[in-house]
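Trainee: Please take one part of this model and walk me through it slowly. I would like to see how the strands are put together and what surrounds them.

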Amino acid sequence: MSRKSRALPPSPFRRFNSSPEVIRLVVLMYVRFPLSLRNVEDLLFERGIDICHETVRLWWNRFGPLFAGDIRRARVSCMRNFRHWRWHLDEMYVKLNGEMVYLWRAVDHEGEVLESYVTKTRDKGAALAFMKKAMKRHGSPDTITTDGLRSYGAALDELGCRERQEIGRWANNRVENSHLPFRRRERAMLRFRQMKTLQKFASVHANVHNHFNLERHLIDRQTYKERRSAALAEWQILAN
């Protein structure tokens, strides 16, 4: 008796009139570049694609996490075997309806954002929850570089990793500089209004930024063009 073939999962684009290529382009433009919903609408109209700015909002909310998840799973499966990691941890202020919340971020030694986590406080509990989430997904690094916030030390004591902590005045510049793309994107969106929206967008933005972060200042023009073409080709087959 022959084995029945496993049914393929249904396409996430099946109920949409637009093609997957247009949807991927819309999500790429809105998440990667500091554009507003209406900026994306106007740029697409110049290309002969007529959609409403609310459609842009719907598509990034629907497909952004899906694309980011595909990117993250591929990168995590490749990088978990590398144990000589140096992580840089930091928290940044984000204004939410006039109230300050904290966006915790873990960045590796190559500048890729590993994890983003939003909390209302920056105490030991928040730092511990953030570190547990990052280590569960990415494994445990050799060195963890932080600033002088005591919540990091308390959380590392709880995890039994205090000896891996490194604190230095300029040692955490890697993660400080990685805040800049998100800050530019935040200004274009006129800030956030809900914590769940901030958490979703921070995670999607980090993974898309990682995918197209080709370190162009470290390589020659020809190599950069080849890597850019490869990254774009990989983007075009996401969620297939």
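**A close look at the sheet and its surroundings**

Mentor: Let's warm up with a single contact: Arg185 lies over the face of Tyr30, at 4.5 Å from the ring centre. Keep in mind that this is a predicted model.

Now to the strands. Five of them, in the order E3-E2-E1-E4-E5, build an open sheet with mixed pairing. The edges belong to strand E3 (113-119) and strand E5 (165-167); each has a single partner strand, so one side of each is left without a neighbour in the sheet. Direction ignored, neighbouring strands of this sheet are turned by 25 degrees against each other on average. It helps to remember that strands of a sheet pair through backbone hydrogen bonds, either parallel or antiparallel.

Let's follow the antiparallel pairs. Strand E1 (residues 86-96) and strand E2 (residues 99-107) run in the antiparallel sense and share 9 bridges. To find this pairing on your screen, look for Lys95, which stands opposite Met100 in E2, and for Val94, which has Val101 of E2 opposite it. E1 and E2 form a hairpin with 2 residues between them, and Asn97 in the turn has a positive phi of about 55 degrees. From E2 we can step on to E3: these two strands also pair in the antiparallel sense, over 6 bridges. Here Tyr102 stands opposite Thr119 in E3. The hairpin of E2 and E3 has 5 residues between the strands, and in it Gly111 takes a positive phi near 90 degrees. Is E2 mostly covered or mostly open? It is mostly covered, as 7 of its 9 residues are buried.

Next come the parallel pairs. E1 and E4 pair in the parallel sense over 3 bridges, and a good landmark is Arg86, which stands opposite Thr143 in E4. E4 and E5 are likewise paired in the parallel sense over 3 bridges. For that pair, look at Thr146, whose bridge partner in E5 is Ile167.

E4 is also a nice place to see a general pattern: in a regular strand the side chains alternate between the two faces of the sheet. Which residues of E4 point which way? Thr143 and Thr145 point one way, Ile144 and Thr146 the other way, and all are buried.

What lies against these strands? Helix H6 (residues 173-188) lies across E1 and E2 and runs at about 30 degrees to E1. Helix H7 (residues 195-212) packs on the sheet as well, touching E1, E2 and E3, and its direction makes about 170 degrees with that of E3. Then there is helix H5 (residues 150-159), where Ser151, Tyr152, Gly153, Ala155 and Leu156 are buried. Those buried residues pack against E1, E2, helix H4 (124-138), strand E4 (143-146) and E5. Just after H5 comes Gly160, whose phi is positive, near 75 degrees.

Helix H7 also leads us to some ring contacts. The structure holds 15 aromatic pairs. One of them joins Phe67 and Trp235 edge-to-face, with 5.3 Å centre to centre and 70 degrees between the planes. Phe67 lies in helix H3 (residues 53-79) and Trp235 in helix H8 (residues 221-235), so this pair ties together parts that are 168 residues apart in sequence. Phe67 is buried, at a relative accessible area of 1%, and Trp235 is buried too, at 0%. The rings of Phe212 and Trp235 have their centres 6.0 Å apart and their planes at 55 degrees, so that pair is tilted. It links distant parts of the chain, with Phe212 in helix H7 and Trp235 in helix H8, 23 residues apart. Phe212, like Trp235, is buried. Ring pairs gather Phe13, Phe16, Phe63, Phe67, Phe212 and Trp235 into a cluster. Phe63 has a further contact: the charged end of Arg62 sits over its ring, 5.9 Å from the centre.

To retrace the path, start at the edge strand E3, follow the order E3-E2-E1-E4-E5 across the sheet, and then find H7 where it touches E1, E2 and E3.

Definitions and conventions: Residues are numbered from 1 along each chain as its sequence is written. This is a predicted model: local features need pLDDT of at least 70, side-chain atom pairs count only at pLDDT 80 or more; totals for chains, interfaces and linings use all residues. Side-chain values use heavy atoms; hydrogens and water are left out. Two strands pair if DSSP finds at least two bridges between them. Helices (H or I, at least four residues) and strands (E, at least two) are DSSP runs, numbered from the N terminus. Axes are lines fitted to C-alpha atoms, for helices over the stretch in contact, and angles run from 0 to 180 degrees between N-to-C directions. Contact means heavy atoms within 4.5 Å. Buried means under 20% relative accessible area, exposed over 50%, partly exposed in between (1.4 Å probe, protein chains only). Rings of Phe, Tyr and Trp (its six-membered ring) pair if their centres lie within 6.5 Å; planes under 30 degrees apart count as stacked, over 60 as edge-to-face and the rest as tilted. A charge sits over a ring if NZ of Lys or CZ of Arg is within 6 Å of the ring centre and within 35 degrees of the ring normal.
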